[in-house]
Amino acid sequence: MTDTVRVRFAPSPTGFLHIGGARTALFNWLFARRHKGAFILRIEDTDTTRSTDEYIEAIIEGMRWLGLDWDEGPFRQTDRFDVYRSYADRLIRDGMAYHCYCSPEELEERRKEALAQGKPLMYDGRCRDLKAPVPGVAPAVRFRMPREGRTVVDDMIKGFVEFENWQLDDLIILRSDNTPTYNLTVVVDDVDMKITHIIRGDDHLNNTPKQIQLYKALGYETPKFAHLPMILGADKARLSKRHGATSVMAYYEMGYLPEALINYLVRLGWSFGDQEVFSRDELIEHFSFEHVGKAAAVFNPEKLTWLNSQYIMKSDPARLAELVIPFLVKEKIINEEASVDLAWLARAVVTLQERAKTLVELASSLRYFFSDPASYDEKAEAKFLNDKNLPFIVELRDGLRSLEDYSHDGIEKIFTALVERHEIKLGAIAQPVRVALTGGTVSPGIFEVIGIIGKETTLRRLDKAIDRIRSINPV
């Protein structure tokens, strides 16, 4: 076996890339990058009734969005059926596999009998020592599992796990239609691809002793194994759709940043001291299986959202401006064909990114930068857009209209002069103006808002608010 670390992520394309699969891919990727090895993407699509090209593309899309680049692949198992059959033939020739002529109906009947009698649900081995084929019956091929001794899995996370060989079934490696099964294909692929470490979910642990015996029968060295603990929902049941989104790209749609999801996934089972937030380089530097726990991890959506808000807060506004555009389109704030000044949008983003938990929230908060408020918050309008505040709004509008230095300092001077002239607090004029410009009482600093939306838009919205007040309370 090669000294270079070689790992693989091998999803079945029977669905989208989900959280558990993404964490498995991430741990493989980190281990490869930590040891300057190779990360291989393999598509295990032998289940032709459920595997689709759409799901393959979705898995690849999810990997790319997360930034989990691979060094080789993607390889598809359906391109390698002849290879698997040649290995099955070799096992038959070496006496390590045999033809089984039992029909599915017969096997099901024996299963029911064993269940009724409280016996193990295993193949009874009646074809194991057949000397001649059964005419007219297309056989499956079964692996001849040893009956004596134990198979020991030396796991990098769980330690030594022992299995009694008599409890291991003579598994089918080729179906009667000549298609290979999972346990054969995975071993053959890992041999041919020179995989050194197999990192996967612990739901595969029961397959591992069978695969170890296949390695031995073929005369190959067994890779090292690491079985990751499961991810559970808050109710400690296996994570599923009822706990919320499980598809990786669903988190893209909800406005999460890929680096936030990566950071959260790695902390589902792995830790490094008390550190919570990691850069990608830090993850590569510190990752090891010594710090992976044995217990199942609990998925906490609130923690992920908090972490996402931290990444948004610290992100480059120019990058956020680019990332938020699809969400502005989705929220119908801009048209898909709209041309947006990214430098201007970045200025607006700066004022909001400390408050936004997701890109969806950020996009929604940006609405008033792009369009006049369709209406005013009812309570805010009653409290701030009224006869009492009308003179202040008119005076401020006139001051801004004559303002030549339309900068933060210039805008602030107009407000300061008005406040001092009427001996009022800044809020007494800032809140009415905020409602007039945004439709509500919550926004970034009013000077920033006025500066970003620009002079023409500011004057138009103030005129609209003035007209609204006068129409409700005509002189």
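On a 1 Å grid over the protein atoms alone, a pocket is an open set of points with protein on both sides within 12 Å along at least five of seven lines, where a 1.4 Å probe fits; a lining residue has an atom within 4 Å of a point. Grid points are joined across faces, edges and corners, and the volume is the space filled by probe spheres set on the points.

The model is predicted: local features need pLDDT of at least 70, side-chain atom pairs count only at pLDDT 80 or more, and totals for chains, interfaces and linings use all residues. Residues are numbered from 1 along each chain as its sequence is written, and side-chain values use heavy atoms, with hydrogens and water left out.

**Exercise 1. Describe the largest pocket and its lining.**

Step 1. The volume of the largest pocket is about 1,200 Å³.

Step 2. Its lining comprises 45 residues, of which Ser12, His18, Gly21, Asp203 and Arg238 are the closest to the centre.

Step 3. Helices (H or I, at least four residues) and strands (E, at least two) are DSSP runs, numbered from the N terminus. The elements that give two or more residues to this lining are strand S1 (6–9), helix H1 (19–34), helix H2 (53–66), helix H5 (182–192) and strand S9 (197–201). H1 gives the most, with five residues.

Step 4. For classes, Ala, Val, Leu, Ile, Met, Phe, Trp, Tyr, Cys and Pro count as nonpolar, Asp, Glu, Lys and Arg as charged, and the others, Gly among them, as polar. The lining of the largest pocket then divides into 18 nonpolar, 16 polar and 11 charged residues.

**Exercise 2. Describe the second largest pocket in the same terms.**

Step 1. The second largest pocket has a volume of about 370 Å³.

Step 2. Among the 15 residues that line it, Arg110, Ala114, Met122, Tyr123 and Asp124 are the closest to its centre.

Step 3. Helix H4 (residues 104–117) supplies the largest share of this lining, six residues. By class, the lining has six nonpolar, one polar and eight charged residues.

**Exercise 3. Determine the strand order and pairing sense of the sheet that contains S1 and of the sheet that contains S4.**

Step 1. Two strands pair if DSSP finds at least two bridges between them.

Step 2. One open sheet has three strands in the order S1-S2-S3, with parallel pairing. S1 and strand S3 (72–76) each have a single partner strand, so one side of each is left without a neighbour in the sheet. S1 pairs with strand S2 (residues 38–43) over four bridges, and Arg8 has Ile40 in S2 as its bridge partner.

Step 3. Another open sheet of three strands has the order S4-S5-S8, with antiparallel pairing. Its edge strands are strand S4 (97–100) and strand S8 (172–174). Strand S5 (residues 140–143) pairs with S8 over two bridges, with Val141 opposite Leu174 in S8.

**Exercise 4. Classify the helix pairs H17 with H18 and H12 with H19.**

Step 1. Axes are lines fitted to C-alpha atoms, for helices over the stretch in contact, and angles run from 0 to 180 degrees between N-to-C directions. Angles under 35 degrees count as roughly parallel, over 145 as roughly antiparallel, 65 to 115 as roughly perpendicular and the rest as oblique.

Step 2. The axes of helix H17 (residues 408–422) and helix H18 (residues 426–438) come within 9 Å and cross at roughly 130°. H17 is therefore oblique to H18.

Step 3. The axes of helix H12 (residues 342–352) and helix H19 (residues 446–453) come within 10 Å and cross at roughly 165°. H12 and H19 are therefore roughly antiparallel to each other.
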